[in-house]
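Biologist: Please take one part of this model and look at it closely: the charged side chains and the strands they belong to. Then carry on outward from there.

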Amino acid sequence: MSGIIQLLPDHIANQIAAGEVIQRPASVVKELMENAIDAGSSKIQVVIKDAGKTMIQVTDNGTGMIPEDALKCFDRHATSKIQSADDLYALTTKGFRGEALASIAAIAHVTLRTRHLNADIGQEIEMEGSQIRRNEPCVAPIGTTFEIKNLFFNVPARRNFLKSDAIEWNHIVDEFERVALAHPDIHFALTHNNQEVHELPSQVLRKRIVDVIGKSSNDKLVPIEEETAIVSVHGFVGKPEAARKTRGQQFLFVNNRFFKDSYFNHAIVRAFEGLLPAKHHPSYFLYFTVDPKRIDVNVHPTKTEIKFEEDRSIYAILVSSIRQALGKYNIAPTLDFEQETGFDLPHSFKNLPATEPVISVDPDFNPFRSYGAKGTASNRDKSFTPAIQAEGFGKKQPDSADWQSFYQVKEEEENQTVLLSNEPDLDLNVSGVLLLDSPFFAGYVNNELLIVHSIRAYLRVTYDQLMHHFLHSPVASQALLFPFERACSAAEKEEWLVNEVLLNRLGFVTHFDENNIVISAVPSLLHAESIHECIEQIFDKITFTKVEKSDVAHHVVLELSRSESKQKGKVSSQIEAEELLTALLAAKEPGLTPDGKTILSNISFTDLTRFF
Ligand code: ADP
Ligand code: MG
């Protein structure tokens, strides 16, 4: 009599096992992105059709595979990432089980195109339900593309179990963002139904977070930095006022791997105790670095739960470091400006969506901080606290970081429209009074008196608006009826050409006729009578003063704003005064012009009573 027990054929075993690893399209996205990271890629592109139900494609520029490995990678327990059981306790890679591709191939149509970095030619393999359909050389760039179609085609129960496109798509975005937040140094892109959803060039961490979760978050992040023998923690927590009623922006990473942990979440909530309104959740982006031997990532097949050997100590470290950081922020709310190179000119102008200029409101802004009310330029510096100076107040000359840090703080998630007509959501009661025959007007804000220099106020507001605009899309230009010509020295011509792309983006359309520059269009904001002076100023800055390239935009925008603010001149009605003051108070640096001149002074009631 023969026994009744049989080994399941591989494809059935794979199909069953697949259920554990691949629950939905988002799991495929995660596995393929992680493989791309393990392959040392610096750029990873994810293309999705119909929430992954029709197609998931992940392309990387990593090491690629030789044909032999390209075939092997679909075998169960085929991995290049561990050799012995010991390796399991010192994992530095995302994958190690060798299950993902076997699982995916068991339940979908898979096309793999890959070329190893040392190979001249690539290999293309098509799999369908664990069967090899095609395997032949192909032309391919170095790296790997996996294309997954018809997910769960042979597991109807699973396919029917999938939720609506909107829900499945949300899962994909979640996985994508977790991976992108864990690896700010890698360039990621995500496209859905031919629409670009994320384009995230390699960045410093803070900028990556801001790119992923929304630009308005930037000035709401408090940095955390803690080094201990057990763990190092770095990252950011949201300021208490940024807390939300819905959970969501809560991210923990260990050794660049996303994980969930209710115990650590509890620690973080405790650190916020007393600072949050009821039912609000803090946001956090915390990155732990620990010796891989001290964690066990093997707990769960999808690996979002991780066991820490010393979780109690880490709990205490979390509470204390977050409390400390929040305390520091309370005392000096503006000290968390990082001067990082990633905030230079935007990485790529090309793909920036066009947005209208916006006004953004600085929630930390306190109009009753002293702006050096009684200060003259010479003693102004002393009247600012270090925190305020760190923001740029009190500086006579702006440094190049000023307008770059502006990029950090000036962006809003939602497009709003034009500047002066826009009422910022500041809880201020603003009214204005004209002071006849003077460049000043008096503003009355929540019972305090502000004396405002109107041309300078226009300069600040226009500068911020224009710089913001410039960072998002090319500045509008207008063609000149009669092109403006000017003879240039060889150096002037060379420097102009070096900066041509930037100047073009700022609205100047030019070409050279021998050594003559011919300017056929200028920024539309530039008034006819200012064109000449503005061009001369630009030449002066780029050839004579030789400002840093990253400062050219600052100087040109400043010139344009000067032209505009001179044109506007004094305010001529109470409404104009109020609009200007409202816009000014929404600026990050309402106290000073971009070139360091005082815009406003406040007179307190104590000061006023002294006059009488
Ligand atoms: P694991 O990641 O756990 O090793 P997978 O099934 O995800 O298992 O992948 C199997 C193997 O295929 C990997 O170990 C790796 O050698 C290879 N591989 C998968 N994806 C890529 C890729 N994008 N680039 C290069 N090699 C890859
Ligand atoms: Mg893997």
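**Charges, strands and the ligand**

Modeller: Glu147 is buried, because its relative accessible area is 13%, under the 20% cut-off. Keep in mind that this is a predicted model. Glu147 has a charged partner. Its salt bridge goes to Lys149, with the closest N and O atoms 3.4 Å apart. Lys149 is partly exposed, since its relative accessibility is 36%. The cut-offs explain the labels: partly exposed is the range between under 20% and over 50%. So this pair joins a buried acid to a partly exposed base.

Now the strand setting. Strand β6 covers residues 143–149. It runs antiparallel to β3, and seven bridges join the two. One register point is useful for tracing: Arg115 has Gly143 of β6 as its bridge partner.

β3 also pairs with β4. That pairing is antiparallel too, and it counts six bridges. β4 is made of residues 122–128. Here the register point is Val110, which stands opposite Met127 in β4. Six residues separate β3 from β4, and the two strands form a hairpin.

How many of the seven residues of β3 are buried? Five are, and so β3, residues 109–115, is largely enclosed by the rest of the structure. One general point helps when you inspect the side chains. In a regular strand they alternate between the two faces of the sheet.

Back to charges, this time in β4. Glu124 meets Arg134 in a salt bridge, the closest N and O atoms being 2.1 Å apart. Glu124 lies in β4, while Arg134 lies in β5, residues 131–138, so the pair ties together parts that are ten residues apart in sequence. Is each partner buried, or partly exposed? Glu124 is buried, because its relative accessible area is 13%. Arg134 counts as partly exposed, at 25% relative accessibility.

This contact belongs to a wider set. A network of salt bridges links Arg113, Glu124, Glu126, Arg134 and Glu136. The total count of salt bridges comes to 21.

Another pair sits in a helix. Lys30 and Glu34 form a salt bridge through their side chains, at 3.7 Å from N to O. Why does the spacing suit a helix? The two are four residues apart in helix α2, so about one helical turn separates them. Lys30 is buried, with a relative accessible area of 9%. Glu34 is buried as well, at 7%.

From here, go to the ligand. Ligand 1 is surrounded by 20 residues. The closest are Asn35, Thr79, Ser80, Lys81 and Gly98. Three polar contacts are worth checking on screen. Asp60 places a polar side-chain atom 2.8 Å from a nitrogen atom of ligand 1. Ser80 places a polar side-chain atom 2.5 Å from an oxygen atom of the ligand. At Gly98 the partner is a polar backbone atom, 2.8 Å from an oxygen atom of ligand 1. On its own, ligand 1 has 530 Å² of accessible area, and the protein covers 92% of that. The elements giving two or more residues to the shell are α2 (25–38), α4 (100–106) and β6. So two elements come back here: α2, which holds Lys30 and Glu34, and β6, the antiparallel partner of β3.

Follow the chain past β6. Phe152 lies in the loop between β6 and α5 (156–161). Its phi is positive, about 60°, although Phe152 is not a glycine. Phe152 is buried, because its relative accessible area is 1%.

A second positive phi occurs at Asn193, about 45°, and again the residue is not a glycine. Asn193 sits in the loop between β7 (187–192) and β8 (195–200). Which label does it get, buried or partly exposed? Partly exposed, since its relative accessible area is 35%.

Finish at the surface. Leu8, Ile12 and Ile16 form a nonpolar patch there. Together they have about 280 Å² of accessible area. Leu8 is in the segment before α1, residues 10–21.

How values were computed:
Residues are numbered from 1 along each chain as its sequence is written. Chains are lettered from A and ligands numbered from 1 in the order in which they are written. This is a predicted model: local features need pLDDT of at least 70, side-chain atom pairs count only at pLDDT 80 or more; totals for chains, interfaces and linings use all residues. Side-chain values use heavy atoms; hydrogens and water are left out. Patches are made of residues with over 30% relative accessible area and no salt bridge: like charges are joined within 9 Å, nonpolar side chains (Val, Leu, Ile, Met, Phe, Trp, Tyr) within 5 Å. Accessible areas come from the Shrake-Rupley method with a 1.4 Å probe; for residues, only the protein chains shown count as cover. A salt bridge is a side-chain nitrogen of Lys or Arg within 4 Å of a carboxyl oxygen of Asp or Glu. Buried means under 20% relative accessible area, exposed over 50%, partly exposed in between (1.4 Å probe, protein chains only). Two strands pair if DSSP finds at least two bridges between them. A residue is near a molecule or strand if one of its heavy atoms lies within 4 Å of it. A polar contact is a pair of N or O atoms within 3.5 Å; within protein, one must be able to donate a hydrogen and the other to accept it, and residues adjacent in sequence count only if both atoms are side-chain atoms.
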